[in-house]
Amino acid sequence: MATQDTRPRGGFVSFFRDYTKTWVHAVATAGLTAFGTLAVFHRGFIALALATYIVPPIALYLWRPSAGRTDGDTAAEGEGDAAIAGGGGPPLERTGAGDGPAAAGEDDRDADWHLVDVPTDATLRDVCVTDAGAVYAVGENGLVLAGAPVDGADTGAWSIVLEDGPAAAGDELTGVDATDGGEAVWVAGDSGSLGRLEAETGRHTDYTAPADSTDNWVGVAVGGTSGDETVLLITGSGTVLRGRYRDGKCAWDDPITPGSGASLSAIALADASVGYCCDTNDSVFETTDGGHSFDRVGLDGAGGTLEALATLGRGDCLVSDDDGVVHRYGGSTWTPDRVGDEAICGIARREGETIACDADGVLYERTRAAGWDRVGTQAPDALIAVSTATTGERAVAVGEEGTVVERR
(Lines give C-alpha, C1' and ligand atoms only; values in the text may rest on other atoms or scores of the structure.)
Protein backbone atom coordinates (compact mmCIF):
# COMPACT_ATOMS: atom_id res chain seq x y z
CA MET A 1 0.00 0.00 0.00
CA ALA A 2 1.38 3.42 -0.93
CA THR A 3 1.35 6.25 1.55
CA GLN A 4 0.66 9.57 -0.11
CA ASP A 5 3.95 11.07 -1.18
CA THR A 6 3.15 14.75 -1.56
CA ARG A 7 5.35 16.38 1.03
CA PRO A 8 5.77 20.04 0.17
CA ARG A 9 9.40 21.01 0.03
CA GLY A 10 8.45 23.91 2.31
CA GLY A 11 9.01 21.70 5.41
CA PHE A 12 7.71 19.33 8.02
CA VAL A 13 4.60 21.33 8.97
CA SER A 14 3.05 21.01 5.51
CA PHE A 15 4.06 17.34 5.38
CA PHE A 16 2.43 16.65 8.75
CA ARG A 17 -0.80 18.33 7.63
CA ASP A 18 -1.02 15.80 4.79
CA TYR A 19 0.08 12.96 7.06
CA THR A 20 -2.88 13.50 9.41
CA LYS A 21 -5.22 12.50 6.56
CA THR A 22 -3.64 9.04 6.13
CA TRP A 23 -4.41 5.63 7.61
CA VAL A 24 -0.98 5.61 9.24
CA HIS A 25 -1.96 8.60 11.39
CA ALA A 26 -5.23 6.91 12.34
CA VAL A 27 -3.36 3.78 13.52
CA ALA A 28 -0.78 5.88 15.41
CA THR A 29 -3.55 7.79 17.15
CA ALA A 30 -5.24 4.56 18.19
CA GLY A 31 -1.92 3.31 19.56
CA LEU A 32 -1.40 6.52 21.50
CA THR A 33 -4.82 6.15 23.10
CA ALA A 34 -4.39 2.44 23.92
CA PHE A 35 -0.94 2.69 25.46
CA GLY A 36 -1.89 5.92 27.22
CA THR A 37 -4.73 4.07 28.93
CA LEU A 38 -2.35 1.34 30.08
CA ALA A 39 -0.14 3.96 31.73
CA VAL A 40 -2.27 3.68 34.86
CA PHE A 41 -0.68 0.24 35.37
CA HIS A 42 2.92 1.14 34.51
CA ARG A 43 4.53 4.50 33.69
CA GLY A 44 6.60 2.85 30.98
CA PHE A 45 3.53 2.79 28.74
CA ILE A 46 3.74 6.60 28.56
CA ALA A 47 7.00 6.41 26.62
CA LEU A 48 5.59 3.67 24.40
CA ALA A 49 2.48 5.75 23.69
CA LEU A 50 4.54 8.80 22.72
CA ALA A 51 6.85 6.74 20.52
CA THR A 52 3.86 5.14 18.77
CA TYR A 53 2.57 8.56 17.78
CA ILE A 54 5.81 10.47 17.13
CA VAL A 55 8.06 7.95 15.35
CA PRO A 56 5.88 7.17 12.25
CA PRO A 57 5.66 10.74 10.83
CA ILE A 58 9.35 11.36 11.45
CA ALA A 59 10.30 8.10 9.76
CA LEU A 60 8.04 8.78 6.77
CA TYR A 61 9.34 12.34 6.46
CA LEU A 62 12.98 11.25 6.47
CA TRP A 63 12.31 8.32 4.13
CA ARG A 64 10.25 10.26 1.60
CA PRO A 65 12.99 12.02 -0.49
CA SER A 66 14.17 8.75 -2.06
CA ALA A 67 10.76 7.10 -2.33
CA GLY A 68 9.83 6.28 -5.88
CA ARG A 69 12.66 8.43 -7.27
CA THR A 70 14.87 7.35 -10.13
CA ASP A 71 17.92 8.81 -11.81
CA GLY A 72 15.65 9.89 -14.62
CA ASP A 73 13.42 11.79 -12.20
CA THR A 74 16.44 13.59 -10.75
CA ALA A 75 17.62 14.56 -14.21
CA ALA A 76 14.18 15.86 -15.09
CA GLU A 77 14.16 18.05 -11.97
CA GLY A 78 17.53 19.38 -12.99
CA GLU A 79 15.99 20.69 -16.18
CA GLY A 80 13.39 22.38 -13.94
CA ASP A 81 11.94 25.39 -15.68
CA ALA A 82 12.72 24.18 -19.17
CA ALA A 83 10.15 21.43 -19.58
CA ILE A 84 7.90 18.79 -18.17
CA ALA A 85 9.81 15.53 -17.86
CA GLY A 86 8.75 13.29 -20.72
CA GLY A 87 7.58 9.74 -20.22
CA GLY A 88 10.04 8.47 -22.78
CA GLY A 89 9.10 11.14 -25.33
CA PRO A 90 10.49 14.60 -26.09
CA PRO A 91 10.08 17.23 -23.35
CA LEU A 92 7.47 19.93 -23.77
CA GLU A 93 8.44 23.57 -23.58
CA ARG A 94 7.12 25.76 -20.82
CA THR A 95 4.57 28.24 -22.17
CA GLY A 96 4.18 31.80 -21.03
CA ALA A 97 0.95 33.63 -20.35
CA GLY A 98 0.66 34.90 -23.89
CA ASP A 99 1.77 31.80 -25.77
CA GLY A 100 -0.74 29.98 -27.92
CA PRO A 101 -1.60 26.28 -27.98
CA ALA A 102 0.47 23.56 -29.59
CA ALA A 103 1.26 24.04 -33.25
CA ALA A 104 -1.31 22.85 -35.76
CA GLY A 105 -0.61 19.43 -37.17
CA GLU A 106 0.63 17.92 -33.90
CA ASP A 107 -1.37 14.72 -33.68
CA ASP A 108 0.03 13.62 -30.31
CA ARG A 109 -2.52 14.71 -27.72
CA ASP A 110 0.22 14.79 -25.06
CA ALA A 111 1.53 17.97 -26.70
CA ASP A 112 -1.59 19.75 -25.44
CA TRP A 113 -0.27 19.62 -21.87
CA HIS A 114 2.16 22.41 -21.01
CA LEU A 115 3.98 23.56 -17.90
CA VAL A 116 2.87 27.16 -17.42
CA ASP A 117 4.86 30.07 -16.01
CA VAL A 118 3.05 31.55 -13.02
CA PRO A 119 4.18 34.28 -10.61
CA THR A 120 4.77 32.00 -7.61
CA ASP A 121 6.73 28.98 -6.43
CA ALA A 122 4.40 28.29 -3.50
CA THR A 123 2.72 24.89 -3.24
CA LEU A 124 -0.78 25.01 -4.74
CA ARG A 125 -3.36 22.85 -2.97
CA ASP A 126 -6.48 23.10 -5.15
CA VAL A 127 -7.65 24.43 -8.50
CA CYS A 128 -10.95 25.27 -10.18
CA VAL A 129 -11.65 25.94 -13.86
CA THR A 130 -14.89 27.93 -13.93
CA ASP A 131 -17.71 27.75 -16.47
CA ALA A 132 -16.45 31.10 -17.77
CA GLY A 133 -13.06 29.56 -18.60
CA ALA A 134 -11.08 31.31 -15.87
CA VAL A 135 -8.82 29.39 -13.47
CA TYR A 136 -8.34 29.89 -9.74
CA ALA A 137 -5.71 28.08 -7.65
CA VAL A 138 -5.03 28.34 -3.92
CA GLY A 139 -2.20 27.32 -1.64
CA GLU A 140 0.48 28.26 0.84
CA ASN A 141 0.29 31.45 2.90
CA GLY A 142 -3.21 32.26 1.68
CA LEU A 143 -2.19 32.61 -1.98
CA VAL A 144 -4.96 32.89 -4.58
CA LEU A 145 -3.74 32.69 -8.18
CA ALA A 146 -5.92 33.44 -11.20
CA GLY A 147 -5.61 32.63 -14.88
CA ALA A 148 -7.75 34.70 -17.22
CA PRO A 149 -10.10 32.97 -19.68
CA VAL A 150 -8.72 31.77 -23.00
CA ASP A 151 -9.39 34.29 -25.76
CA GLY A 152 -8.86 32.84 -29.22
CA ALA A 153 -5.31 31.57 -29.55
CA ASP A 154 -4.12 33.43 -26.46
CA THR A 155 -4.35 32.51 -22.82
CA GLY A 156 -4.81 35.46 -20.50
CA ALA A 157 -2.12 36.35 -18.01
CA TRP A 158 -1.79 34.63 -14.66
CA SER A 159 -1.81 36.93 -11.68
CA ILE A 160 -1.93 36.87 -7.90
CA VAL A 161 -5.37 37.86 -6.65
CA LEU A 162 -4.65 37.49 -2.93
CA GLU A 163 -1.21 37.16 -1.40
CA ASP A 164 -2.15 36.32 2.19
CA GLY A 165 -5.71 35.03 2.22
CA PRO A 166 -9.14 36.58 2.62
CA ALA A 167 -8.39 37.79 6.17
CA ALA A 168 -4.82 38.91 5.34
CA ALA A 169 -3.57 36.43 7.96
CA GLY A 170 -1.41 34.25 5.71
CA ASP A 171 -3.16 31.00 6.60
CA GLU A 172 -2.85 28.21 4.05
CA LEU A 173 -5.77 27.77 1.67
CA THR A 174 -6.77 24.21 0.82
CA GLY A 175 -9.96 24.47 -1.26
CA VAL A 176 -11.53 26.49 -4.06
CA ASP A 177 -14.80 26.17 -5.98
CA ALA A 178 -17.01 28.37 -8.14
CA THR A 179 -20.70 29.00 -8.70
CA ASP A 180 -22.51 27.87 -11.82
CA GLY A 181 -21.43 30.30 -14.52
CA GLY A 182 -18.21 31.18 -12.68
CA GLU A 183 -19.30 34.63 -11.50
CA ALA A 184 -18.27 33.98 -7.88
CA VAL A 185 -15.47 31.90 -6.38
CA TRP A 186 -15.10 30.66 -2.79
CA VAL A 187 -11.74 29.87 -1.14
CA ALA A 188 -11.22 28.11 2.20
CA GLY A 189 -8.39 26.92 4.41
CA ASP A 190 -6.74 26.87 7.80
CA SER A 191 -7.90 28.68 10.95
CA GLY A 192 -11.39 29.13 9.55
CA SER A 193 -10.18 31.06 6.49
CA LEU A 194 -13.04 31.67 4.07
CA GLY A 195 -13.55 34.23 1.33
CA ARG A 196 -15.73 35.00 -1.69
CA LEU A 197 -14.32 36.60 -4.85
CA GLU A 198 -16.28 38.31 -7.60
CA ALA A 199 -14.79 37.20 -10.90
CA GLU A 200 -15.68 40.32 -12.86
CA THR A 201 -14.34 42.93 -10.42
CA GLY A 202 -11.76 40.92 -8.50
CA ARG A 203 -13.29 42.22 -5.27
CA HIS A 204 -13.19 39.82 -2.34
CA THR A 205 -15.17 39.60 0.88
CA ASP A 206 -13.83 37.96 4.03
CA TYR A 207 -16.11 35.40 5.72
CA THR A 208 -13.44 33.85 7.93
CA ALA A 209 -14.66 31.94 11.00
CA PRO A 210 -18.20 31.22 9.75
CA ALA A 211 -20.55 30.26 12.59
CA ASP A 212 -17.66 31.31 14.88
CA SER A 213 -15.65 28.28 13.75
CA THR A 214 -11.88 28.52 13.32
CA ASP A 215 -11.46 24.89 12.29
CA ASN A 216 -9.09 24.06 9.47
CA TRP A 217 -11.26 23.65 6.38
CA VAL A 218 -10.07 20.63 4.36
CA GLY A 219 -12.24 21.45 1.34
CA VAL A 220 -15.10 23.54 -0.03
CA ALA A 221 -17.90 22.81 -2.50
CA VAL A 222 -20.24 25.36 -4.06
CA GLY A 223 -23.56 24.83 -5.83
CA GLY A 224 -26.04 27.17 -7.46
CA THR A 225 -25.75 30.45 -9.34
CA SER A 226 -24.19 33.67 -8.13
CA GLY A 227 -26.36 35.27 -5.47
CA ASP A 228 -28.14 31.99 -4.67
CA GLU A 229 -25.24 29.87 -3.46
CA THR A 230 -24.91 26.76 -1.33
CA VAL A 231 -21.51 26.45 0.35
CA LEU A 232 -20.31 23.26 2.06
CA LEU A 233 -17.14 23.17 4.16
CA ILE A 234 -15.49 20.02 5.55
CA THR A 235 -13.06 19.54 8.45
CA GLY A 236 -10.47 17.09 9.67
CA SER A 237 -12.76 16.23 12.58
CA GLY A 238 -15.38 14.80 10.22
CA THR A 239 -17.92 17.63 10.20
CA VAL A 240 -19.70 19.45 7.39
CA LEU A 241 -20.73 23.10 7.75
CA ARG A 242 -23.48 24.26 5.39
CA GLY A 243 -23.99 27.88 4.42
CA ARG A 244 -26.36 29.81 2.17
CA TYR A 245 -25.33 33.04 0.44
CA ARG A 246 -28.17 35.31 -0.69
CA ASP A 247 -28.33 39.03 -1.33
CA GLY A 248 -24.85 39.62 0.03
CA LYS A 249 -25.42 37.77 3.31
CA CYS A 250 -24.36 34.34 4.59
CA ALA A 251 -26.41 32.16 6.94
CA TRP A 252 -24.87 29.06 8.50
CA ASP A 253 -26.47 25.90 9.85
CA ASP A 254 -25.15 23.89 12.77
CA PRO A 255 -22.36 21.54 11.68
CA ILE A 256 -23.22 17.88 11.12
CA THR A 257 -21.10 14.71 11.22
CA PRO A 258 -22.00 12.34 8.35
CA GLY A 259 -19.89 9.45 9.64
CA SER A 260 -17.89 8.29 12.64
CA GLY A 261 -15.89 11.48 13.03
CA ALA A 262 -12.98 10.33 10.85
CA SER A 263 -11.30 13.12 8.92
CA LEU A 264 -13.18 14.15 5.78
CA SER A 265 -10.83 14.34 2.83
CA ALA A 266 -12.90 15.64 -0.11
CA ILE A 267 -16.29 17.07 -1.07
CA ALA A 268 -17.99 17.99 -4.36
CA LEU A 269 -21.40 19.23 -5.46
CA ALA A 270 -22.90 18.40 -8.85
CA ASP A 271 -25.52 21.12 -8.34
CA ALA A 272 -27.16 22.93 -5.43
CA SER A 273 -28.74 19.69 -4.18
CA VAL A 274 -26.66 16.62 -5.06
CA GLY A 275 -23.15 15.99 -3.86
CA TYR A 276 -20.71 13.60 -2.18
CA CYS A 277 -18.00 13.66 0.46
CA CYS A 278 -15.55 11.00 1.65
CA ASP A 279 -13.47 10.36 4.74
CA THR A 280 -10.28 8.53 5.68
CA ASN A 281 -12.28 5.57 7.05
CA ASP A 282 -13.39 4.16 3.67
CA SER A 283 -16.75 5.96 3.80
CA VAL A 284 -18.49 7.92 1.06
CA PHE A 285 -21.61 9.96 1.81
CA GLU A 286 -24.30 11.28 -0.52
CA THR A 287 -26.49 14.35 -0.07
CA THR A 288 -29.59 15.08 -2.15
CA ASP A 289 -30.75 18.11 -0.16
CA GLY A 290 -27.80 20.45 -0.54
CA GLY A 291 -25.93 19.29 2.56
CA HIS A 292 -28.75 19.29 5.10
CA SER A 293 -28.20 15.55 5.52
CA PHE A 294 -25.93 12.76 4.23
CA ASP A 295 -26.38 9.02 3.73
CA ARG A 296 -23.50 6.56 3.58
CA VAL A 297 -23.31 4.84 0.18
CA GLY A 298 -20.02 2.96 0.60
CA LEU A 299 -17.37 2.10 0.15
CA ASP A 300 -16.01 -0.99 1.91
CA GLY A 301 -12.70 -2.70 1.32
CA ALA A 302 -10.67 0.13 -0.26
CA GLY A 303 -6.99 -0.74 -0.26
CA GLY A 304 -5.90 2.83 0.43
CA THR A 305 -6.99 6.04 2.12
CA LEU A 306 -9.59 7.99 0.15
CA GLU A 307 -8.12 11.19 -1.30
CA ALA A 308 -10.34 12.99 -3.82
CA LEU A 309 -13.68 12.69 -5.60
CA ALA A 310 -15.68 13.97 -8.55
CA THR A 311 -19.35 13.74 -9.49
CA LEU A 312 -21.74 14.61 -12.29
CA GLY A 313 -24.94 13.90 -10.36
CA ARG A 314 -26.87 11.41 -8.27
CA GLY A 315 -25.58 7.86 -8.64
CA ASP A 316 -22.41 9.12 -10.33
CA CYS A 317 -19.28 9.42 -8.21
CA LEU A 318 -15.59 8.67 -8.63
CA VAL A 319 -13.35 8.45 -5.56
CA SER A 320 -9.56 8.08 -5.69
CA ASP A 321 -7.23 6.66 -3.03
CA ASP A 322 -3.57 6.79 -2.09
CA ASP A 323 -2.95 3.31 -3.52
CA GLY A 324 -3.43 4.38 -7.14
CA VAL A 325 -7.03 3.18 -7.47
CA VAL A 326 -10.18 5.03 -8.58
CA HIS A 327 -13.48 3.63 -7.27
CA ARG A 328 -16.55 4.13 -9.48
CA TYR A 329 -20.06 4.36 -8.02
CA GLY A 330 -22.95 3.46 -10.27
CA GLY A 331 -25.86 4.06 -7.95
CA SER A 332 -25.75 0.74 -6.11
CA THR A 333 -22.30 -0.84 -6.45
CA TRP A 334 -18.67 0.26 -6.36
CA THR A 335 -16.10 -0.88 -8.94
CA PRO A 336 -12.35 -0.38 -8.32
CA ASP A 337 -10.13 0.50 -11.25
CA ARG A 338 -6.35 0.68 -10.89
CA VAL A 339 -4.92 3.78 -12.54
CA GLY A 340 -1.31 3.77 -11.35
CA ASP A 341 0.95 2.95 -8.40
CA GLU A 342 1.13 6.34 -6.68
CA ALA A 343 -1.49 8.22 -4.70
CA ILE A 344 -4.19 9.67 -6.97
CA CYS A 345 -4.35 13.09 -5.33
CA GLY A 346 -6.71 14.84 -7.74
CA ILE A 347 -9.57 13.83 -10.02
CA ALA A 348 -11.85 15.86 -12.30
CA ARG A 349 -14.84 14.81 -14.36
CA ARG A 350 -17.00 16.10 -17.19
CA GLU A 351 -19.35 14.44 -19.65
CA GLY A 352 -17.27 11.95 -21.63
CA GLU A 353 -13.94 12.43 -19.88
CA THR A 354 -12.14 11.99 -16.55
CA ILE A 355 -8.70 13.35 -15.65
CA ALA A 356 -6.56 12.30 -12.68
CA CYS A 357 -3.17 13.32 -11.33
CA ASP A 358 -0.82 11.60 -8.89
CA ALA A 359 1.84 12.29 -6.30
CA ASP A 360 4.61 11.58 -8.82
CA GLY A 361 3.51 14.34 -11.21
CA VAL A 362 1.79 12.00 -13.67
CA LEU A 363 -1.49 12.81 -15.43
CA TYR A 364 -4.06 10.27 -16.61
CA GLU A 365 -7.00 10.68 -19.01
CA ARG A 366 -9.98 8.48 -19.66
CA THR A 367 -12.78 8.87 -22.19
CA ARG A 368 -16.19 7.24 -21.97
CA ALA A 369 -15.35 4.31 -24.23
CA ALA A 370 -11.70 3.76 -23.29
CA GLY A 371 -9.51 2.82 -20.36
CA TRP A 372 -7.08 5.03 -18.47
CA ASP A 373 -4.23 6.47 -20.55
CA ARG A 374 -1.11 7.82 -18.92
CA VAL A 375 -0.19 11.17 -20.45
CA GLY A 376 3.27 10.85 -21.96
CA THR A 377 4.64 13.80 -20.05
CA GLN A 378 5.36 14.20 -16.36
CA ALA A 379 5.43 17.31 -14.19
CA PRO A 380 8.72 18.04 -12.36
CA ASP A 381 6.94 18.07 -8.99
CA ALA A 382 4.03 16.29 -7.32
CA LEU A 383 0.56 17.21 -8.58
CA ILE A 384 -2.12 17.67 -5.93
CA ALA A 385 -5.33 18.72 -7.72
CA VAL A 386 -6.85 18.94 -11.19
CA SER A 387 -9.90 20.62 -12.72
CA THR A 388 -11.47 20.80 -16.16
CA ALA A 389 -13.95 23.05 -17.92
CA THR A 390 -17.31 21.45 -18.67
CA THR A 391 -16.51 21.80 -22.37
CA GLY A 392 -13.08 20.20 -22.01
CA GLU A 393 -11.45 23.16 -23.77
CA ARG A 394 -9.26 23.85 -20.75
CA ALA A 395 -7.89 21.61 -18.00
CA VAL A 396 -5.40 22.58 -15.30
CA ALA A 397 -3.46 20.61 -12.69
CA VAL A 398 -1.49 22.18 -9.82
CA GLY A 399 0.98 21.02 -7.20
CA GLU A 400 4.23 21.59 -5.38
CA GLU A 401 6.70 24.39 -6.07
CA GLY A 402 4.08 26.47 -7.91
CA THR A 403 3.65 23.76 -10.56
CA VAL A 404 0.82 24.52 -13.01
CA VAL A 405 0.20 22.20 -15.95
CA GLU A 406 -2.42 23.14 -18.52
CA ARG A 407 -4.13 21.43 -21.43
CA ARG A 408 -5.80 23.56 -24.09
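# A quick tour of a predicted model

L62 lies in helix 3, which covers residues 44-63. That's our way into this structure, which is a predicted model. From that helix we'll move on to two sheets, then salt bridges, cysteines and a few backbone oddities. Two numbers to keep in your pocket: the structure holds 16 salt bridges, and a search of the whole structure finds zero disulfides.

**The patch around L62**

- L62 counts as exposed, because its relative accessibility is 65% and the cut-off for exposed is over 50%.
- L62 has company: together with I46, L50, I54 and I58 it forms a nonpolar patch on the surface.
- Added together, these five residues have about 460 Å² of accessible area.

**A sheet with the order 3-32-31-30**

- Four strands make up this open sheet, and their pairing is antiparallel.
- Which strands sit at the edges? They are strand 3 (113-115) and strand 30 (383-388), and each of them pairs on one side only.
- From one strand to the next, the twist averages 20 degrees.
- Strand 3 and strand 32 (residues 404-407) run antiparallel and are joined by three bridges.
- If you want to find this pairing in the model, look for W113, which stands opposite R407 in strand 32.

**A sheet with the order 14-15-16-17**

- Here you'll find another open sheet of four strands, again with antiparallel pairing.
- Strand 14 (217-223) and strand 17 (249-252) stand at the edges with a single partner strand each, so one side of each has no neighbour in the sheet.
- Ignoring direction, neighbouring strands of this sheet are turned by 25 degrees against each other on average.
- Strand 16 (residues 240-246) is joined to strand 17 by four bridges, and the two run antiparallel.
- G243 is a handy landmark, since it stands opposite W252 in strand 17.

**Salt bridges, starting with R407 again**

- R407, the residue opposite W113, also forms a salt bridge with E353, where the closest N and O atoms are 2.7 Å apart.
- R407 is in strand 32 and E353 is in strand 27, so this pair ties together parts that are 54 residues apart in sequence.
- Are these two partners buried or exposed? R407 counts as buried because its relative accessibility is 4%, and E353 is buried too, with a relative accessible area of 3%; the cut-off for buried is under 20%.
- R407 and E353 also belong to one network with R350 and E365, joined by salt bridges that share partners.
- The side chains of R408 and E406 meet in a salt bridge as well, at 3.5 Å from N to O.
- R408 is buried, with a relative accessible area of 16%, and E406 is buried, with 0%.
- D323 forms a salt bridge with R338, and the closest N and O atoms there are 3.2 Å apart.
- That pair links distant parts of the chain, 15 residues apart: D323 is in the loop between strand 23 (316-321) and strand 24 (325-329), while R338 is in strand 25 (residues 334-338).
- D323 counts as buried because its relative accessibility is 16%, whereas R338 is partly exposed, with a relative accessible area of 45%.

**Cysteines without a disulfide**

- C277 is in no disulfide, and the nearest cysteine sulfur, which belongs to C278, is 7.2 Å away. The cut-off for a disulfide is within 2.5 Å, so that sulfur is too far away to count.
- C277 is buried, with 0% relative accessibility.
- C345 is in no disulfide either: the nearest cysteine sulfur, that of C357, is 6.3 Å away.
- C345 counts as buried, at 7% relative accessibility.

**Backbone oddities**

- Where is there a cis peptide bond? One joins G298 and L299, with omega at about -15 degrees.
- L299 sits in the loop between strand 21 (295-298) and strand 22 (306-313).
- N141 isn't a glycine, yet its phi is positive, near 60 degrees. You'll find N141 in the loop between strand 5 (135-139) and strand 6 (144-147).
- A168 isn't a glycine either, and it has a positive phi of about 55 degrees.
- A168 lies in the loop between strand 9 (158-162) and strand 10 (173-178), and it is exposed, with a relative accessible area of 54%.

**One more stop: T354**

- T354 is in strand 27 (residues 353-358) and counts as buried, at 5% relative accessibility.
- T354 and L318 are 36 residues apart along the chain, and their C-alpha atoms are separated by 9.3 Å.

Notes
Residues are numbered from 1 along each chain as its sequence is written. This is a predicted model: local features need pLDDT of at least 70, side-chain atom pairs count only at pLDDT 80 or more; totals for chains, interfaces and linings use all residues. Side-chain values use heavy atoms; hydrogens and water are left out. Two strands pair if DSSP finds at least two bridges between them. Axes are lines fitted to C-alpha atoms, for helices over the stretch in contact, and angles run from 0 to 180 degrees between N-to-C directions. Buried means under 20% relative accessible area, exposed over 50%, partly exposed in between (1.4 Å probe, protein chains only). Patches are made of residues with over 30% relative accessible area and no salt bridge: like charges are joined within 9 Å, nonpolar side chains (Val, Leu, Ile, Met, Phe, Trp, Tyr) within 5 Å. Accessible areas come from the Shrake-Rupley method with a 1.4 Å probe; for residues, only the protein chains shown count as cover. A salt bridge is a side-chain nitrogen of Lys or Arg within 4 Å of a carboxyl oxygen of Asp or Glu.
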